[in-house]
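Trainee: I am new to this structure and would like to find my way around. Could we go through it together, one question at a time?

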Amino acid sequence: NNIHRLTMIISGAKLVNTGYVVDVQPIITTNLVANYDPATGISGSTFTDSSGNGYNATLYNSPTTATVNGLTVLQLNGTNQYYYYTTGYTALNGAVTFDAWFNTSQTGQQAIVSEYGQAGLAGGWEDAVLGLNATKMAGGVYNGSAGGYVQSTNTFSTGTWYNLVVTYASNLITLYVNGASQGTLSTARASNPSPLYYAVGYPDGSGAYLGGGGNAYFKGYIGAVKFYSTALNQSQITQNFNALRGRYGV
């Protein structure tokens, strides 16, 4: 007898063969401030915020796009390309989650998400919150010094997709890679200016944060990037990872 495989998507549930159903839940939307998804949001130099909150970002120096598994991702050149919302966010001064999918094509220090206290980014308050240092992935918040971060237990590889997430609440930083906790750091986030500005792919201008993880432009692919005004818990981090991992072949 011939056995045929059938894979079907039904309202978020994947029917595998004909024997069982795997439920694929959508991303967490509660306290979602901004969602920059290249698969749905890029038109010219505008990067539409698909959260519905209207924080549309601007693409600088003509980044290109590429297709991964049939869906669009952003491609940054590691020299001068990046994006950010030019008006700034007022909801990201306390508890936060920064969540980014990336695939770098070079080794060494690179900024993924960096934080600034002014429009135009350079020349004032600046630090990295997600980035790559010499060999590891790292994430943190500014705590008044350069030591407010956690780094991954394993080194990163070029040509590989990762979901890198950092959360902060109640004086605790937690880093996650592909849904798995990498460790925590007990520290208080410093008093921040308001609004805050966040850029993707742009150096933090300092180079001191995340062990150098904000010291250079990012080179490679950037997938979905999400900002939350709360610290997501382990279950929510896992749900977000599972919701998008199939896109990137992870």
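Mentor: Happy to; we will go through the sheet, the core and the salt bridges of what is a predicted model.

Trainee: Let's begin with the sheet. Which strands stand at the edges?

Mentor: Nine strands form an open sheet, in the order β5-β6-β7-β10-β19-β12-β13-β14-β15, with antiparallel pairing. Each edge strand has a single partner strand, so one side of it is left without a neighbour in the sheet. The strands at the edges are β5 (42–43) and β15 (149–155).

Trainee: Further in, which residue of β19 is the bridge partner of Tyr84?

Mentor: Follow the strands inward from β7 (residues 57–60), which pairs with β10 in the antiparallel sense over three bridges; there Tyr60 stands opposite Tyr82. Strand β10 (residues 82–84) in turn pairs with β19 over two bridges, again antiparallel. In β19, the partner of Tyr84 is Ala199.

Trainee: And with β12, how many bridges does β19 share?

Mentor: One place to look is Glu115, which stands opposite Tyr198 in β19. Strand β12 covers residues 110–116, and its pairing with β19 is antiparallel. The number of bridges is four.

Trainee: Are the residues on the two faces of β19 buried or exposed?

Mentor: Strand β19 runs over residues 197–200. On one side are Tyr197 and Ala199, and on the other Tyr198 and Val200. Both faces are covered, and these four residues are all buried.

Trainee: Which residues does Val113 contact beyond its neighbours within four places in sequence?

Mentor: Val113 belongs to the largest nonpolar core, which has 40 residues, and is one of those that touch the most other members, along with Tyr36, Tyr83, Tyr89, Ile112, Ile222 and Phe227. Apart from that core lies another of 17 residues, among them Ile27, Val68, Leu232 and Tyr248. The contacts of Val113 are Phe98, Ala128, Val129, Leu130, Tyr198, Ala199, Val200, Val225 and Phe227.

Trainee: Now Leu121: how far is it from Tyr197 in space, C-alpha to C-alpha?

Mentor: Leu121 is found in the loop between β12 and β13 (126–132), and it is buried, with a relative accessible area of 0%. Its contacts, not counting residues up to four places away in sequence, include Tyr82, Tyr84, Tyr197 and Ala199. Although Leu121 and Tyr197 are 76 residues apart in sequence, their C-alpha distance is 7.4 Å.

Trainee: On to charged pairs. How many residues apart in sequence are the parts that Asp37 and Arg247 tie together?

Mentor: The structure holds three salt bridges, and in one of them the side chains of Asp37 and Arg247 meet at 2.8 Å, N to O. Asp37 lies in the loop between β4 (32–36) and α1 (38–41), while Arg247 lies in helix α2 (residues 234–248). The parts that the pair ties together are therefore 210 residues apart.

Trainee: Are Lys226 and Asp99 buried or exposed?

Mentor: Their side chains meet in a salt bridge of 3.7 Å, N to O. Lys226 is in strand β20 (residues 219–228) and Asp99 in strand β11 (residues 96–104), 127 residues apart. Both Lys226 and Asp99 are buried.

Trainee: Last one: what is the relative accessible area of Glu115?

Mentor: Glu115 forms a salt bridge with Arg189, the closest N and O atoms being 2.9 Å apart. Glu115 lies in strand β12 and Arg189 in the loop between β18 (180–186) and β19, so parts 74 residues apart in sequence are tied together. Arg189 counts as buried at 11% relative accessibility. Glu115 is buried too, with a relative accessible area of 1%.

Technical notes. Residues are numbered from 1 along each chain as its sequence is written. This is a predicted model: local features need pLDDT of at least 70, side-chain atom pairs count only at pLDDT 80 or more; totals for chains, interfaces and linings use all residues. Side-chain values use heavy atoms; hydrogens and water are left out. A nonpolar core is a set of buried Ala, Val, Leu, Ile, Met, Phe, Trp, Tyr and Cys residues joined through side-chain atoms within 4.5 Å. Buried means under 20% relative accessible area, exposed over 50%, partly exposed in between (1.4 Å probe, protein chains only). Contact means heavy atoms within 4.5 Å. Two strands pair if DSSP finds at least two bridges between them. A salt bridge is a side-chain nitrogen of Lys or Arg within 4 Å of a carboxyl oxygen of Asp or Glu.
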